[in-house]
Amino acid sequence: QVQLVESGGGLVQAGGSLRLSCAASGRTNSVYAMGWFRQAPGKEREFVAAIRWIVTMKYYQDSVKGRSTISRDKAKNTVYLEMNGLKPEDTGVYYCAAALGGPVTSDSAYAYWGQGTQVTVSS
């Protein structure tokens with residue numbers, strides 16, 4: 001089992017920045033990749049960004065590419081998502097997830113999920 005705890009969400013004005021954190025515990029040596037997903041009210045959950053755990057490869061959704069950076073601190077078993085130039089359409093609940101394998105841009109690859117953290121961007 002892998003436990004995930006997100007933090008760092010909040011209310012921010014358009015154009016502002018946030019850094020989300022996700023602390024992993026438990027059987028982290030089995031983790032293949034960590035990802036961030038978000039879900040806006042009335043919409044399906046969507047992929048935001050992912051990072052592979054051993055080989056530092058990063059993946060981004062097109063709408064956040066260039067505005068966001070995913071990174072990880074292996075010593076702390078923590079993944080970060082820094083978002084800049086936030087837009088109202090970035091509003092949603094952001095979930096951290098851990099994958100044991102598979103296509104890291106698909107939520108079907110993720111076996112463990114955090115409880116989510118709310119991000120609200122006001123216009």
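Me: Let's start at the surface: what makes the nonpolar surface patch, and what is its area?

Reply: I54, V55 and M57 make a nonpolar surface patch of about 280 Å². Bear in mind throughout that this is a predicted model.

Me: How do you know that V55 may be counted in a patch?

Reply: A patch takes residues with over 30% relative accessible area and no salt bridge, and Val is on the list of nonpolar side chains. V55 has a relative accessible area of 43%, so it passes the cut-off of over 30%. V55 is found in the loop between β5 (46–52) and β6.

Me: Is V55 called buried, partly exposed or exposed, and why?

Reply: Buried means under 20% and exposed means over 50%, with partly exposed in between. At 43%, V55 falls in between, so the right label is partly exposed.

Me: Now the cysteines. How do you know that C22 and C96 form a disulfide?

Reply: The sulfur atoms of C22 and C96 lie 2.0 Å apart. The cut-off is within 2.5 Å, so the pair qualifies. The structure holds 1 disulfide. In general terms, such a link is a covalent bond between the sulfur atoms of two cysteines.

Me: Which hand does the link of C22 and C96 have?

Reply: The link is left-handed, with -80 degrees about the S-S bond.

Me: What makes the pair of C22 and C96 a tie between parts of the sequence?

Reply: C22 belongs to strand β3 (residues 18–26) and C96 to strand β9 (residues 92–99), so the disulfide ties together parts that are 74 residues apart in sequence.

Me: Why is C22 called buried, and what about C96?

Reply: C22 has 0% relative accessibility, and C96 has a relative accessible area of 0%. Buried means under 20%, so both cysteines are buried.

Me: On to charges. How many salt bridges are there, and how do you know that E46 and R38 form one?

Reply: The whole structure has 5 salt bridges. For E46 and R38, the N to O distance is 2.6 Å. The limit is 4 Å between a side-chain nitrogen of Lys or Arg and a carboxyl oxygen of Asp or Glu, so this pair counts. The contact of 2.6 Å between the side chains of R38 and E46 is also listed as a polar contact, for which the limit is 3.5 Å.

Me: Are E46 and R38 buried or partly exposed?

Reply: E46, at 31% relative accessibility, counts as partly exposed, while R38 has a relative accessible area of 4% and is buried. The value for R38 is under 20%.

Me: What makes D90 a partner of R38, and where do the two lie?

Reply: The closest N and O atoms of D90 and R38 are 2.9 Å apart, which is within 4 Å, so the pair is a salt bridge. D90 sits in the loop between β8 (78–83) and β9, whereas R38 is in strand β4 (residues 33–39), so the pair ties together parts that are 52 residues apart in sequence. Both D90 and R38 are buried.

Me: Which residue besides R38 forms a salt bridge with D90?

Reply: R67 does, with closest N and O atoms 2.9 Å apart. R67 is in the loop between β6 (58–60) and β7 (68–73) and D90 in the loop between β8 and β9, 23 residues apart. Both R67 and D90 are buried.

Me: What makes R38, E46, R67 and D90 one network?

Reply: Their salt bridges share partners, and that joins R38, E46, R67 and D90. R38 bridges to E46 and D90 bridges to R38, while R67 bridges to D90.

Me: Next, L20 and Y59. Why do their burial labels read as they do?

Reply: L20 is at 0% relative accessibility, so it counts as buried. Y59 is at 23%, so it counts as partly exposed; the cut-off for buried is under 20%. L20 is in strand β3 and Y59 in strand β6.

Me: Which residues does L20 contact, leaving aside its neighbours within four places in sequence?

Reply: Among them are W36, L81, Y94 and V119. Contact here means heavy atoms within 4.5 Å. For Y59, with the neighbours within four places likewise left aside, the contacts include F47, R52 and V104.

Me: Finally, what makes N77 stand out?

Reply: N77 has a positive phi of about 50 degrees although it is not a glycine. Its place is the loop between β7 and β8.

Terms used. Residues numbered from 1 in each chain as written. Predicted model: local features only at pLDDT ≥ 70, side-chain atom pairs only at ≥ 80, totals over all residues. Heavy atoms only, no water. Helix = DSSP H or I, 4+ residues; strand = E, 2+ residues; numbered from the N terminus. Buried < 20%, exposed > 50% of the residue type's maximum accessible area, 1.4 Å probe, protein only. Polar contact = N/O pair within 3.5 Å; in protein donor to acceptor, adjacent residues only side chain to side chain. Patch = residues over 30% accessible without salt bridge, like charges linked within 9 Å, V, L, I, M, F, W, Y side chains within 5 Å. Areas by Shrake-Rupley, 256 points an atom, 1.4 Å probe, with all protein chains shown as cover.
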